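Visitor: I would like a close look at one part of this structure. Could you take me to the buried core and the strands around it, residue by residue?

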Amino acid sequence: MRVLKACFVFNILFLLFTVKAIAGEPEEFHFIGTQLQLTSTKVDEASLGNQVPRSPMQPLTISIEGNVLYLYGQFDDITLKLVGAEGVVYTDEVAAGAYETCLPSDLSGSYELQLNDGVYLHTCILDL
């Protein structure tokens, strides 16, 4: 009986430790520079067909420091565009799994940053 009780207590403590470790991960994540808040919209409603997504979309998380844009998490190939008052001023193809990309250092002002993966368009206002 003591062995069964000890195993039960051990399992409870193990589960509590596991839940604490999982809950603690997002707080331990540190961004380089300033985190940017993205708005995401579907590029084409027909691109997903009649499938019901099995899990919610993981938001793309990015930050900027100087002219370096940092991308966190998993994503497919992305087309990056900077759109100013005069139209598109910069375009780049960012490969899947890339952690960072450099923006032109000669740009200054306010731009709309567009990240398009073919299914979602992620946008935010970027002040350089």
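**A walk through the core**

Guide: Gladly! Of the chain's 128 residues, 25% count as buried. Please keep in mind that this is a predicted model. The chain has 1 helix and 9 strands, and read along the sequence the pattern is α-β-β-β-β-β-β-β-β-β. Among the contacts with a separation of 6 or more, 57% are between residues 24 or more positions apart.

Let us begin with the largest nonpolar core. It holds 20 residues, and those touching the most other members are Leu36, Ile62, Leu80, Leu82, Leu113 and Leu115. Two or more residues of this core come from each of β3 (61-65), β4, β5 (78-84), β6, β8 (110-116) and β9. As general background, nonpolar side chains in soluble globular proteins tend to be buried together.

Leu113 makes a good vantage point. Setting aside neighbours within four places in sequence, Leu113 is in contact with Leu36, Ile62, Leu69, Leu80, Lys81, Leu82, His122, Thr123, Cys124 and Leu126. Two names on that list deserve a stop of their own: Leu69 and His122.

Leu69 first. This residue sits in strand β4, and Leu69 counts as buried because its relative accessible area is 0%, where the cut-off is under 20%. Again without neighbours within four places, the contacts of Leu69 are Leu36, Ile62, Ser63, Ile64, Leu80, Tyr99, Glu100, Thr101 and Leu113. Gly33 lies 36 residues away from Leu69 along the chain, yet their C-alpha atoms are separated by 9.0 Å.

From Leu69 we can step out into the sheet. Strands β1, β3, β4 and β7 form an open sheet of 4 strands, in the order β1-β3-β4-β7, with antiparallel pairing. At its edges are β1 (34-36) and β7, each of which pairs on one side only. On average, neighbouring strands here are turned by 30 degrees against each other, direction ignored. Between β4 and β7, which run antiparallel, there are 3 bridges, and Leu69 stands opposite Thr101 in β7. Thr101 is also one of the contacts of Leu69.

The β4 strand brings us to some aromatic rings as well. The chain has 2 aromatic pairs. Tyr72 and Tyr99 make one that is edge-to-face, with 5.8 Å centre to centre and 85 degrees between the planes. This pair links distant parts of the chain: Tyr72 belongs to strand β4 (residues 68-72), while Tyr99 is in the loop between β6 (87-94) and β7 (100-102), 27 residues apart. The two partners fall into separate burial classes: Tyr72 is buried at 8% relative accessibility, whereas Tyr99, at 40%, is partly exposed. Tyr70 joins Tyr72 and Tyr99 in one aromatic cluster. Tyr99 also ties this cluster back to our earlier stop, as Tyr99 is among the contacts of Leu69.

Now for His122, the other contact of Leu113 that I singled out. His122 is found in strand β9 (residues 120-127). With a relative accessible area of 4%, His122 is buried, and its side chain makes a polar contact of 2.6 Å with the side chain of Ser40. Strand β2 (residues 39-42) is joined to β9 by 4 bridges, and these two strands run antiparallel. Along this pairing, Thr41 stands opposite Leu121 in β9.

Strand β9 has another partner in β8: the two pair in the antiparallel sense over 7 bridges. Here Tyr111 stands opposite Leu126 in β9. The hairpin of β8 and β9 has 3 residues between the strands, and Gly118 takes a positive phi near 95 degrees there.

One more residue of β8 rounds off the tour: Gln114 is found in this strand. At 19% relative accessibility, Gln114 counts as buried because the limit is under 20%. The side chains of Gln114 and Glu112 are joined by a polar contact of 3.3 Å. Beyond neighbours within four places in sequence, Gln114 is in contact with Thr79, Leu80, Lys81, Val83, Leu121, His122 and Thr123. That list includes His122 and Leu80, both of which are also in contact with Leu113.

So to retrace the path on your screen, start at Leu113 and follow its contacts to Leu69 and to His122. From Leu69, cross to Thr101 in β7; from His122, look for the side chain of Ser40.

Terms used:
Residues numbered from 1 in each chain as written. Predicted model: local features only at pLDDT ≥ 70, side-chain atom pairs only at ≥ 80, totals over all residues. Heavy atoms only, no water. Phe/Tyr/Trp six-rings, centres within 6.5 Å; stacked < 30°, edge-to-face > 60°. Buried < 20%, exposed > 50% of the residue type's maximum accessible area, 1.4 Å probe, protein only. Polar contact = N/O pair within 3.5 Å; in protein donor to acceptor, adjacent residues only side chain to side chain. Pairing = 2+ DSSP bridges. Axes fitted to C-alpha atoms, helices over the stretch in contact; angles between N-to-C directions. Core = buried A, V, L, I, M, F, W, Y, C linked by side-chain atoms within 4.5 Å. Contact = heavy atoms within 4.5 Å.
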